[in-house]
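Subject: Structure handover

Hello,

Here is the structure I said I would pass on. My notes on it follow below.

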Amino acid sequence: VKELMDDLVQVLRLRLSNTFLPKLQPAIGVGSSFEGWSPYEVDNVIYHLLVPLKPPIGHKFCLQPLGSRWQMPVKDSRIRVELNCSCERQNTLCLLHHTKRQGRRIRKAPKILDILCTHSYLDVEKVADWFKDLVKKFWKELPEAHHYRMKVLPYSHNSCLLQLKSASGSIFILEILFGVQQGDSDIFLSSPPEADTNTESTVWTMSSLVAEGKFFSHIAKEVPCGSYHLKCLHLCTSVLEGTDLSRYIMKTVFMHLLNTTPVSGWSKRDCLMRLADIMRYLHCCLEQKKLNFFFYGNAEIPREIILPPDFKTYEPYNLLQHLVQNPAAHAEALRQFEEI
C-alpha cells in the first residue's frame with residue numbers, strides 16, 4: 001500500500017510541477033493498520049495515509065487558530081493562503097512582482113487561491129475533490145494500474161477513499177487524508193473527522209496521528225523480540241465493540257502504560273500481567289473520569305518525536321471530560337467496563 005501511494009504521489013507531483021497548486025509530499029501511513037494492531041478482520045481493514053501539503057512557490061500558509069488565547073490548546077484552525085515574494089529564487093515566476101509577459105503566463109496557470117480556497121482559506125472539501133479528480137485522471141500512468149482496478153468511492157467529503165481490486169479478487173480500501181505540518185513538528189492540521197458534519201470546510205483539525213505512529217515505531221525498537229505489546233492492544237480494542245468506549249481511549253491508555261512500564265515487561269511471558277495492568281488503568285481512569293491526552297504536558301515523550309514547543313506547557317487535556325459533565329454516561333461507562 002505504501003509503495004503504491006509513493007508511486008501515485010510521484011506521478012501527481014510531476015503533473016503539478018508547473019502549476020501554482022500545492023506540493024504533494026510523500027504519504028505517511030497512519031493509524032492502527034500501519035502501527036500493527038488493527039482490531040478489524042483483514043478483509044475490513046482500511047489503510048489510512050496522510051499526504052502533507054506544502055504551499056506552492058510564491059505562496060505561504062498562515063495558520064489562524066480558532067478561539068481566544070484563553071482557550072488553549074486550540075484544536076481547530078483555518079489555513080490562510082497568502083502570496084509571498086519569490087524574486088530571489090532563480091527561474092521562478094513571482095506572483096507579486098512580474099513583467100507583463102510573465103503576468104499573462106501567470107493568469108493562465110492553475111492557482112491554489114482560485115481552485116482550492118474559499119475566501120483565501122484552504123478548503124478541505126475542495127482539496128479532497130481536487131485530489132480525487134487527479135487520481136481518476138492519472139491512475140493509468142501508475143505501474144500498479146495493470147494489477148489493480150481502481151474506484152474512487154463517494155462516501156467521504158474530507159478525504160479520498162480508494163477501492164483497489166486485484167485480478168485475484170482481493171480488495172483494498174485506502175483513505176487518503178490531507179494535512180499541513182505545524183512547523184517542523186510531527187503534529188499536523190488535517191482533514192476533520194467525517195462524522196463532524198457541523199464543521200465548516202475551511203476548518204482543519206489538529207492531528208497527532210504521525211506522532212503516534214513514531215511513538216509505536218520507537219517502542220518496537222525497544223521491546224524484547226516479538227510484538228506481544230501490539231497483540232495486547234489488538235485484543236483490548238477488539239472487545240470494545242458494542243460499547244461506548246472508543247478505540248482511541250484504549251489506545252491512549254495503552255500509550256501511557258507503554259511509556260511508563262519498563263520495556264522488559266512487554267515480553268510474551270508477561271502478556272497476562274500487562275493485560276491486567278491495561279484494564280486496571282482503564283478502570284481507574286473511568287472511576288476518576290480523567291484520561292490525559294498523551295502529548296500535552298508529558299515530559300516523558302521520546303526525543304525522536306518532535307512536538308510544537310507549546311505542547312510541553314499545555315495543561316493536560318481530559319479525554320473523558322464528557323463523563324464529568326454527564327453522570328448518566330459515567331454510570332453507563334462503568335457498567336460497560338464490567339461487562340468487558
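Leaving aside its neighbours within four places in sequence, which residues is arginine 78 in contact with? The list is Cys62, Leu63, Gln64, Leu66, Tyr121, Glu200, Thr202 and Val203. Please keep in mind that this is a predicted model.

The chain as a whole

The protein chain has 340 residues, and 47% of them count as buried. Its secondary structure comes to 11 helices and 12 strands. Among contacts with a separation of 6 or more, 63% are between residues 24 or more positions apart.

Arginine 78 and tryptophan 204

Arginine 78 belongs to strand E5, which covers residues 76–83. Its relative accessibility is 19%, and the cut-off for buried is under 20%, so arginine 78 counts as buried. One of its contacts, the one with threonine 202, includes a polar contact between the two side chains at 3.1 Å.

Tryptophan 204 is in strand E12, residues 203–207. Along the chain tryptophan 204 and arginine 78 are 126 residues apart, but their C-alpha atoms are separated by 6.0 Å. Is tryptophan 204 buried or exposed? Tryptophan 204 has a relative accessibility of 0%, so it counts as buried. A polar atom of its side chain lies 2.9 Å from the backbone oxygen of leucine 122.

Helices H1 and H5

Two packed helices are described by the angle between their axes and the distance between the axes. For helix H1 (residues 2–15) and helix H5 (residues 124–138), the angle is about 95° and the axes are 11 Å apart. H1 is therefore roughly perpendicular to H5. On the H1 side, the residues that meet H5 are Leu8, Val11, Leu12 and Arg15. On the H5 side they are Phe131, Leu134, Val135 and Phe138. By type, the residues of this contact divide into 7 nonpolar, no polar and 1 charged.

Some further points concern H5 itself. The buried residues in H5 are Val124, Val127, Ala128, Trp130, Phe131, Lys132, Leu134, Val135 and Phe138. Phe131, Leu134, Val135 and Phe138 thus appear both in that list and in the contact with H1. At its N-terminal end, H5 is capped by aspartate 123, with a side-chain oxygen 3.0 Å from the backbone nitrogen of glutamate 125. How far apart are the end C-alpha atoms of H5? They are 21 Å apart, which agrees with the span of 21 Å expected for 15 residues at 1.5 Å a residue. The expected span comes out this way because 1.5 Å is multiplied by one less than the number of residues.

The loop between E6 and E7

Histidine 119 lies in the loop between strand E6 (117–118) and strand E7 (121–122). Serine 120 is in the loop between E6 and E7 as well. Histidine 119 is not a glycine, yet its phi is positive, at about 55°. Serine 120, also a residue other than glycine, has a positive phi near 70°. As for accessibility, histidine 119 is exposed, with a relative accessible area of 70%, whereas serine 120 is partly exposed, with 27%.

Two other loop residues

Where is asparagine 292 found? Asparagine 292 sits in the loop between helix H9 (271–288) and helix H10 (321–325). Its relative accessible area is 24%, and asparagine 292 is partly exposed. Not counting residues up to four places away in sequence, asparagine 292 touches Thr252, His256, Pro316 and Tyr317. The C-alpha atoms of asparagine 292 and proline 316 are separated by 5.5 Å, with their positions 24 residues apart along the chain.

Phenylalanine 20 is placed in the loop between H1 and strand E1 (23–24). With a relative accessible area of 8%, phenylalanine 20 is buried. Its C-alpha atom is 8.4 Å from that of histidine 59, and the two residues are 39 residues apart along the chain.

Regards

Key
Residues numbered from 1 in each chain as written. Predicted model: local features only at pLDDT ≥ 70, side-chain atom pairs only at ≥ 80, totals over all residues. Heavy atoms only, no water. Axes fitted to C-alpha atoms, helices over the stretch in contact; angles between N-to-C directions. Helix = DSSP H or I, 4+ residues; strand = E, 2+ residues; numbered from the N terminus. Parallel < 35°, antiparallel > 145°, perpendicular 65-115°, else oblique. Contact = heavy atoms within 4.5 Å. Nonpolar A, V, L, I, M, F, W, Y, C, P; charged D, E, K, R; others polar. Buried < 20%, exposed > 50% of the residue type's maximum accessible area, 1.4 Å probe, protein only. Polar contact = N/O pair within 3.5 Å; in protein donor to acceptor, adjacent residues only side chain to side chain.
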